[in-house]
Amino acid sequence: MSQVLPIVYQDESLVAVRKPSGLLVHRTALARGESRFALQIVRDQLGRHVYPVHRLDRPTSGLLLFALSPSIANALGEAFTAQQVRKRYLAVVRGVGPEHEWLDNPLREEDGSRPKAEMPAQPACTQIRRLDSVELPVQVDRYPQARYSLMEARPTTGRRHQIRRHLSLRGYPIIGDAKHGKGRHNRFFRDQLGCSRLLLAAVGLGFRHPARDAVLHLSAALDGDMQRLFESFGWAGHLPHDGIHWDEALT
């Protein structure tokens, strides 16, 4: 049986699914040898064309939105570009993160055609909030205990790897981030906790529906591996669930 992705919401205009960690959204020049993409899976699942309006990094799991027509794709794409979409992520980071902070650090494109230092710095802003933390009685780095935090991240801009880079620059790298994280902690989670993925998930989207005069708020459950980790850390009360609700305003 071919793979299907859990549908969080679907109507005549759009569909929102849960993308697992490790799955590319669509074919790119960097995807040589890959044969499975979220775009293809959802197209085959619905039996119709779908149009991507935003992207998630390959290792990031969570809410992925597709339009069901070019006009809806244009409208949603404009909303993302105009920063009119509210996005919520959950991340597990090294250390005890800030209780609440705005990270306003311009970022340069890392994977452009020119060296990073030659790329222009673009504005990038992420609101972060610590939801919980845990201390484990193991020495992973130079301290006798290892501390980790559950962070909520709400980016207002959409730079590539923005949340990963902002948290790493602030001193709280996301666990499982091979490029911006810390190898010792990544290996500890992989070898001792059975979790080898990037611990970043897109769990919320809010936007004005392009075909209805109302704001649609979507929430998504975590993949099973992240759910089990949350439960083992005593963070089950923070687990999101698949759900929708309509509102008058975008908050």
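**Exercise 1. A positive phi outside glycine**

In which loop is the place of Gln83? Work this out in the predicted model, and then set Gln83 beside His161, describing the backbone and the accessibility of each residue.

*Solution.* Step one is to locate the residue: Gln83 sits in the loop that runs between helix 2 (70-81) and strand 5. Step two is to read the backbone, where the phi of Gln83 is near 60°, a positive value in a residue that is not glycine. Step three is to ask about exposure, and here the relative accessibility of Gln83 is 42%; since buried means under 20% and exposed means over 50%, Gln83 counts as partly exposed.

Turning to His161, its place is the loop between strand 10 and helix 3 (162-169), and its phi is likewise positive, at about 60°, although His161 is not a glycine. The relative accessible area of His161 is 9%, and this residue is buried.

**Exercise 2. The buried sides of two helices**

Which residues of helix 4 are buried, and which residues are buried in helix 1? For each helix, establish how the buried residues are arranged around the axis and what they pack against.

*Solution.* Begin with helix 4, which spans residues 183-192 and has His185, Asn186, Phe188 and Phe189 as its buried residues. These cover an arc of only 160° around the axis, which puts them on the same side of helix 4. Their packing partners are strand 5 (86-94), strand 9 (125-136), strand 10 (146-155) and helix 5 (224-232). Just after the end of this helix, Gly194 takes a positive phi of about 65°.

Next, take helix 1, where Ala38, Ile41 and Val42 are buried. Viewed down the axis, the buried residues of helix 1 fall within an arc of 95°, so they line one face of the helix. A general rule helps in reading such patterns: an α-helix has 3.6 residues a turn, so residues three or four places apart point the same way. The buried residues of helix 1 pack against strand 2 and strand 4, and just after the helix Gly47 takes a positive phi of about 70°.

**Exercise 3. The nonpolar cores**

Which residues touch the most other members of the largest nonpolar core, and which elements give two or more residues to this core?

*Solution.* The largest nonpolar core holds 27 residues, and within it Phe66 and Ile174 touch the most other members. The elements that give two or more residues to this core are strand 2 (14-19), helix 1 (38-46), strand 4 (61-67), strand 5, strand 10, helix 3 and strand 11 (200-208). To see the surroundings of Phe66, leave out residues up to four places away in sequence; its contacts are then Leu14, Val15, Val17, Ala38, Leu39, Val42, Val50, Tyr51 and Pro52. Apart from the largest core lies another, of 23 residues, among them Phe188, Phe189, Ala201 and Met226.

**Exercise 4. Strand pairing around strand 5**

In what sense, parallel or antiparallel, does strand 5 pair with strand 11 and with strand 10? Name a bridge partner for each pairing.

*Solution.* Strand 5 and strand 11 pair in the antiparallel sense, over 6 bridges, and the partner of Lys87 in strand 11 is Leu205. Strand 5 and strand 10 also pair in the antiparallel sense, again over 6 bridges, and in strand 10 the bridge partner of Val92 is Leu150.

**Exercise 5. The largest pocket**

How many residues line the largest pocket, and which of them lie nearest its centre?

*Solution.* The space in the largest pocket comes to about 740 Å³. Its lining is made of 33 residues, of which Lys87, Tyr89, Pro155, Thr157 and Gly158 lie nearest the centre. The elements that give two or more residues to this lining are helix 2, strand 5, strand 10, helix 3 and strand 11.

**Exercise 6. Two residues towards the start of the chain**

Is Ser13 buried or exposed, and what does Gln3 touch?

*Solution.* Ser13 lies in the loop between strand 1 (7-10) and strand 2, and at 6% relative accessibility Ser13 counts as buried. Not counting residues up to four places away in sequence, Ser13 touches Ala67, Leu68, Ser69, Ile72, His209 and Ala211.

Gln3, in the segment before strand 1, is partly exposed at 31% relative accessibility. With residues up to four places away in sequence again left out, Gln3 touches Pro20, Arg36 and Ile41.

Conventions. Residues are numbered from 1 along each chain as its sequence is written. This is a predicted model: local features need pLDDT of at least 70, side-chain atom pairs count only at pLDDT 80 or more; totals for chains, interfaces and linings use all residues. Side-chain values use heavy atoms; hydrogens and water are left out. Buried means under 20% relative accessible area, exposed over 50%, partly exposed in between (1.4 Å probe, protein chains only). Helices (H or I, at least four residues) and strands (E, at least two) are DSSP runs, numbered from the N terminus. The arc is that of the directions from the helix axis to the C-beta atoms. Contact means heavy atoms within 4.5 Å. A nonpolar core is a set of buried Ala, Val, Leu, Ile, Met, Phe, Trp, Tyr and Cys residues joined through side-chain atoms within 4.5 Å. Two strands pair if DSSP finds at least two bridges between them. On a 1 Å grid over the protein atoms alone, a cavity is a set of points where a 1.4 Å probe fits but cannot get out, and a pocket is an open set with protein on both sides within 12 Å along at least five of seven lines; lining residues have an atom within 4 Å of a point. Grid points are joined across faces, edges and corners, and a volume is the space filled by probe spheres set on the points.
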